[in-house]
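This report introduces a protein model to a reader who has not met it before. It treats the domains, the two sheets, the helices that pack on them and one pocket.

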Amino acid sequence: MTETLLKYFQLLKTEKLQSKSVPKTFLECNDFQNMLDSGIVLKSSVGRGYVYELNKEKRQVFENWFAKKFPNADIEVINRASSIAKLKDSKKSKEKSVIVFLKGNKQVEVNKEIIDLQEYTKKFGFFACVLESLKTEKLCFVENKESFLQAEKVISQDYVFVHSYGRIGKNLLEKIQTNEVLIFSDYDYIGLNEYLKCKSVFENTNFFVPENYDLLFEKYAKEITLNRKKGQKASKYVLASQDEIVLKICQDLQTKQKFLEQESLLINL
């Protein structure tokens with residue numbers, strides 16, 4: 001169940017729903033269809049459409065179903081636990097907290113506190129936090145954990161390295177102030193999409209491609225298989241992009257049906 005479906009079931013308690021103003025997903029969901037079949041919800045023709053309203057004689061049946069289906073309908077979904085409480089599904093939540101791992105040899109401002117990353121990196125390997133704000137001159141997003149732990153072997157140490165718990169999204173980018181961004185990721189559609197996402201926020205964003213990329217691709221590229229995880233499909237932003245790097249990587253992805261994993265750059269280091 002989703003927030004949208006819940007919204008329209010709540011509206012049924014007090015309003016008549018015009019078919020033209022109700023999403024198709026609601027009209028086609030099993031619970032709503034069952035209510036129509038059992039007469040809990042009545043359907044009547046109005047003009048070129050229909051109106052749906054709660055059958056007053058069966059209101060209590062609906063109320064009993066609603067209370068069981070949504071035991072905490074009025075709470076706000078702010079994390080996975082509250083999503084379970086409200087919608088019985090942790091995956092319906094959009095987590096607001098942003099967890100990041102940082103490393104480097106610079107001082108940075110994290111959550112309005114000055115942090116000596118060199119000290120944390122030397123003693124513990126990296127610094128981790130729930131991010132509220134980050135200020136630094138040059139930032140390098142590293143997609144995978146192993147690459148993040150060895151990033152300084154590949155990327156200039158002028159950068160502060162960041163690995164986010166999850167994909168790069170608006171909730172993360174809006175917390176950052178920086179003058180330069182570098183994306184170090186797998187050379188695939190996901191990496192390109194995150195590159196373009198960053199570039200839409202930070203104009204001075206580059207996608208890291210090593211000088212020996214073609215050689216590495218020839219030796220180590222991996223086939224894109226049909227059962228590969230979701231996301232190995234070009235987004236409309238990637239397909240529409242005229243960015244030189246995006247065009248180059250896409251050509252390999254589309255013509256050779258292969259992609260290069262970023263860990264390939266760590267071989268023999």
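In what follows, contact means heavy atoms within 4.5 Å, and an angle between two elements is taken between their N-to-C directions, on a scale from 0 to 180 degrees. The model described here is predicted. With these terms, helix α6 can be placed: α6 lies across β4 (99-103), β7 and β10 and runs at about 90 degrees to β4.

**Domains**

The domain assignment divides the chain into domain 1, residues 3-87, and domain 2, residues 98-266. The centres of domain 1 and domain 2, taken over C-alpha atoms, are 43 Å apart.

**The six-stranded sheet**

The strands that α6 crosses belong to an open sheet of six strands, arranged in the order β7-β4-β10-β9-β12-β13 with mixed pairing. At the edges stand β7 (127-130) and β13 (205-207); each has a single partner strand, so one side of each is left without a neighbour in the sheet. On average, neighbouring strands of this sheet are turned by 25 degrees against each other, direction ignored.

Three of the pairings in this sheet can be set side by side, each with one pair of residues that stand opposite one another.

| Strands | Sense | Bridges | Opposite residues |
|---|---|---|---|
| β4 and β7 | antiparallel | four | Ile 99 and Val 130 |
| β4 and β10 | antiparallel | four | Phe 101 and His 163 |
| β9 and β10 | parallel | three | Leu 139 and Val 160 |

Strand β4 thus appears in two rows, paired with β7 over four bridges and with β10 over four bridges. Strand β10 also has β9 as a partner, in the parallel sense.

A further helix belongs to this part of the description. Helix α9, residues 189-201, lies across β9, β12 and β13, and its direction makes about 165 degrees with that of β13.

**The four-stranded sheet**

A second open sheet consists of four strands in the order β6-β5-β8-β11, again with mixed pairing. Its edge strands are β6 (113-116) and β11 (176-177), each of which pairs on one side only. Helix α6, residues 117-124, packs on this sheet as well, where α6 touches β5 and β6 and makes an angle of about 45 degrees with β6.

Strand β5 (residues 107-110) is joined to β6 by four bridges, and the two run antiparallel. Together β5 and β6 form a hairpin with two residues between them. In the turn of this hairpin, Asn 111 has a positive phi of about 50 degrees. Strand β5 is also joined to β8 (residues 134-135), in this case by two bridges and again in the antiparallel sense. Val 110 takes part in both pairings: the bridge partner of Val 110 in β6 is Glu 113, and in β8 it is Leu 134.

**The second largest pocket**

Which strands supply at least two residues each to the lining of the second largest pocket? They are β9 (138-142), β10 (160-164) and β12 (180-184), and these strands also take part in the six-stranded sheet. Among them, β10 gives the most to the lining, with three residues.

The pocket has a volume of about 190 Å³, and its lining is made up of 16 residues. Those nearest the centre of the pocket are Glu 143, His 163, Ser 164, Gly 166 and Arg 167. His 163 is also the residue of β10 that stands opposite Phe 101. By class, the lining has seven nonpolar, five polar and four charged residues.

Methods
Residues are numbered from 1 along each chain as its sequence is written. This is a predicted model: local features need pLDDT of at least 70, side-chain atom pairs count only at pLDDT 80 or more; totals for chains, interfaces and linings use all residues. Side-chain values use heavy atoms; hydrogens and water are left out. Domain bounds come from an automatic or database domain assignment. On a 1 Å grid over the protein atoms alone, a cavity is a set of points where a 1.4 Å probe fits but cannot get out, and a pocket is an open set with protein on both sides within 12 Å along at least five of seven lines; lining residues have an atom within 4 Å of a point. Grid points are joined across faces, edges and corners, and a volume is the space filled by probe spheres set on the points. Ala, Val, Leu, Ile, Met, Phe, Trp, Tyr, Cys and Pro count as nonpolar, Asp, Glu, Lys and Arg as charged, and the others, Gly among them, as polar. Two strands pair if DSSP finds at least two bridges between them.
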